[in-house]
Amino acid sequence: MKLRDIAHSRTGDKGDISNISVIAFDEADYPLIEAHVTADRVKELFHEVVHGEVVRYTIPSVGALNFVMRQALGGGVTRSLALDAHGKCLASALLDLEIPDIARPIQAA
Amino acid sequence: MKTIRIGSGAGYSGDRIEPAVELAEKGHIQYLVFECLAERTIAIAQGAKLKDPTQGYDPLLAERMLAVLRPCHEKGIRIVTNMGAANPVAAAAKTRDIARSLGLGGLKIAAVSGDDVLETLKSGDHRIEETGAPVSSMAGSLVSANAYLGAAPIVAALKAGADIVITGRVADPALFLAPQIFEFGWSMEDWDRLGKGTVVGHLLECAGQITGGYFADPGVKDVAALARLGFPIAEVAEDGSAVITKVAGSGGAVTTATCKEQLLYEIHDPAAYYTPDVVADFSQVRFTQEGPDRVRVAGASGRPRPATLKVSVGYLDSFIGEGQMSYAGPGALARGRLALEIVRERLALTGVEATELRFDLIGVDSIHGSALSTAGGQEPYEVRVRVVGRTGSLKEAQRIGNEVETLYTNGPASGGGATKSAKDVVAMLSALLPRELAKPVIEFMEA
């Protein structure tokens, strides 16, 4: 399955640093996301866009990860030549990541 | 326990105006806050102020004030905003004139300035954070330097009875934190409560981004009535606990999911969110849906504030020239690619001096590059060629757009819709300044 099936995401920008959140729709899926959406995978996915380090922060209390990516915005939002200078669209690209299908118990209503 | 309701009337300078009127009229709020300063807004406004000393504040200030002053006056709602940009005093004077024209006598307006630290930064031994270069080495190209002030001067203005507080550069959450400090009498060293109040400010500062705006993704995250998106309200209690909600009957939604997205928006380390007032800790925050469009936020805390203030430094960086042209129908992709090749060769042939160039095919791979963009594999019906470059002069920048435009008569078949632009670029860097070197100044005027 795609990450988009179990998580949502938003990108933020500060200078040449982009941050992307990955938030489980259902907090029960957080461990799965934590296991498979690693800083290395994110760096590999964005290798054409992000030229600096990628650091991952975990926020289990809201079932979310936060990726902080340096040298990610064409030298900085205010001077970038990119069409999407803020990198706003990066969040949608991340949700296209492939995540292994794992059968989950169906939650009682 | 005492509670107050704070509404967020704008998420950025150009934001919609009528949701703020809706907040004032139907939101049962005591404070209406407008956060309108993007990173480089002040640097650009500084240019306007230099040309005309009565200018340099937010271009929509008059329109916003005309729309909200009467309902706010009638309901006793105080306004806090950073629409003063590079000239809070002129913004306050303009607001006073508008209040008088509406017959709203007696309104007390405070202008908070002192964030402009350009001369201080130029004269001392300070360095640019990103490059490590001394600020003095950039003296010729600097256009602005504004320290992010904290909540204290806004609190002082509210204590002095201001109905409207207009600031320049202030940390965004501080605009929301100040009314909480003032109303609840919090100490400026009550780090736990300041951390809680800062989370509330952070959640509210982008207005519609927490009420379902910038959230909708049809089929996955559906949001109703986005064209009538309501702006958020925080219901804050004296102990710092808070509920995020919005005006009943407005569009959008406040859910734990919309709140989580906004919590992590523009955050780096969630355990250390630096502001001039507190280092807030968002890492233990929890959200609970208490009812329709009502989400409780809990678990935030804080640690002592930093000894330095962040300064946003604006400088003349370069010039950017750009041209675009569309191709559609069968063979559009091949014609678009040919167009890019021609422009690339022409720029070299005619000796356009660019330090950086981009050749994009919009609709194909312009946003995320070729590796991420080939997933679909299907040829697009239409493409838009985009060539953009950085130069040392406006004249040189104009040559880039011109080369794209000449594809009209010289290029591949059926290119249409050419556009071109050239502009100077004021870019932003940052510096850290010992906090005592930025001295807030408050000026009062009455309508």
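Trainee: Let's start small. Which residue in E4(A) is the bridge partner of A:Val22?

Mentor: A:Leu65 is the one that pairs with A:Val22. Keep in mind that we're looking at a predicted model. That bridge belongs to a longer ladder: strand E2 (residues 17-24) and strand E4 (residues 64-69) of chain A pair in the antiparallel sense over 6 bridges.

Trainee: In what order do the 4 strands of the chain A sheet come?

Mentor: Read it across the sheet rather than along the chain. The order is E1-E2-E4-E3, the sheet is open, and the pairing is antiparallel. Strands E1 (7-14) and E3 (54-59) of chain A have a single partner each, so they sit at the edges with one side lacking a neighbour in the sheet. Ignoring direction, adjacent strands here are turned by 20 degrees against each other on average.

Trainee: Over to chain B. What is the strand order in its open sheet of 10 strands, and what sort of pairing does the sheet have?

Mentor: Going across, you meet E11-E12-E8-E7-E1-E2-E3-E6-E4-E18, and the pairing is mixed. The edges are taken by strand E11 (286-291) and strand E18 (441-446) of chain B; each has a single partner strand, so one side of each is left without a neighbour in the sheet. The average turn between neighbouring strands of this sheet is 20 degrees, direction ignored. Helix H1 (residues 18-26) of chain B packs on the sheet, where it touches strands E1 (3-10), E2 (31-34) and E7 (232-237) of chain B. The direction of H1 makes about 160 degrees with that of E1(B).

Trainee: Say I want to follow one strand, E6(B). Which residues stand opposite it, and where do its own side chains point?

Mentor: Take the two ladders in turn. Strand E4 (residues 108-113) of chain B runs parallel to strand E6 (residues 164-167) of chain B, with 4 bridges between them. Within that pairing, B:Ile109 stands opposite B:Ile164, and B:Val112 faces B:Thr167. Strand E3 (residues 78-81) of chain B is also parallel to E6(B), joined by 3 bridges; here B:Ile79 is opposite B:Ile164. As for direction, B:Ile164 and B:Ile166 point one way from the strand, B:Val165 and B:Thr167 point the other way, and all are buried.

Trainee: How should I think about a core, and which residues touch the most other members of the largest one here?

Mentor: The general idea is that in soluble globular proteins, nonpolar side chains tend to be buried together. Here the largest nonpolar core has 140 residues, and B:Leu32, B:Ile154, B:Val165, B:Ala178 and B:Ile244 touch the most other members. Helix H7 (residues 172-184) of chain B gives the largest share, 7 residues. Domain 1 (3-114 + 149-306) and domain 2 (313-430) of chain B each supply at least three residues to this core. For a local view, try B:Ala178: neighbours within four places in sequence aside, its contacts are B:Val80, B:Ala151, B:Ile154, B:Val155 and B:Leu158. There is also a second, separate core of 22 residues, with B:Ile320, B:Ala332, B:Ala354 and B:Ala422 among its members.

Trainee: Which residues of helix H6 (residues 152-159) of chain B are buried?

Mentor: With helices, remember that an α-helix has 3.6 residues a turn, so residues three or four places apart point the same way. In H6(B), the buried residues are B:Pro153, B:Ile154, B:Val155, B:Ala157 and B:Leu158. They pack against E3, E4, E6, H7 and E18 of chain B. Just past the helix, B:Gly161 has a positive phi of about 95 degrees.

Trainee: A glycine I can accept. What about positive phi elsewhere?

Mentor: Look at two alanines. B:Ala85, in the loop between E3 and helix H4 (88-101) of chain B, has phi near 45 degrees. B:Ala225, in the loop between helix H8 (191-204) and E7 of chain B, has a positive phi of about 55 degrees.

Trainee: Is B:Ala85 buried or exposed? And how does B:Ala225 count?

Mentor: B:Ala85 is buried, because 30 other C-beta atoms lie within 10 Å and the cut-off is 20 or more. B:Ala225 counts as partly exposed, with 13 C-beta neighbours inside 10 Å.

Trainee: Last one: how many residues does each chain give to the contact?

Mentor: Chain B gives 41 and chain A gives 29. On the chain B side, the elements giving two or more residues include helix H9 (256-263), E11 and strand E17 (416-434). That side divides into 18 nonpolar, 8 polar and 15 charged residues.

Key:
Residues are numbered from 1 along each chain as its sequence is written. Chains are lettered from A and ligands numbered from 1 in the order in which they are written. This is a predicted model: local features need pLDDT of at least 70, side-chain atom pairs count only at pLDDT 80 or more; totals for chains, interfaces and linings use all residues. Two strands pair if DSSP finds at least two bridges between them. Axes are lines fitted to C-alpha atoms, for helices over the stretch in contact, and angles run from 0 to 180 degrees between N-to-C directions. Two residues are in contact if their C-beta atoms, placed from the backbone, lie within 7 Å. A nonpolar core is a set of buried Ala, Val, Leu, Ile, Met, Phe, Trp, Tyr and Cys residues joined through C-beta atoms within 7 Å. A residue is buried if 20 or more other C-beta atoms lie within 10 Å of its own, exposed if 12 or fewer, and partly exposed in between; C-beta atoms are placed from the backbone. Domain bounds come from an automatic or database domain assignment. Ala, Val, Leu, Ile, Met, Phe, Trp, Tyr, Cys and Pro count as nonpolar, Asp, Glu, Lys and Arg as charged, and the others, Gly among them, as polar.
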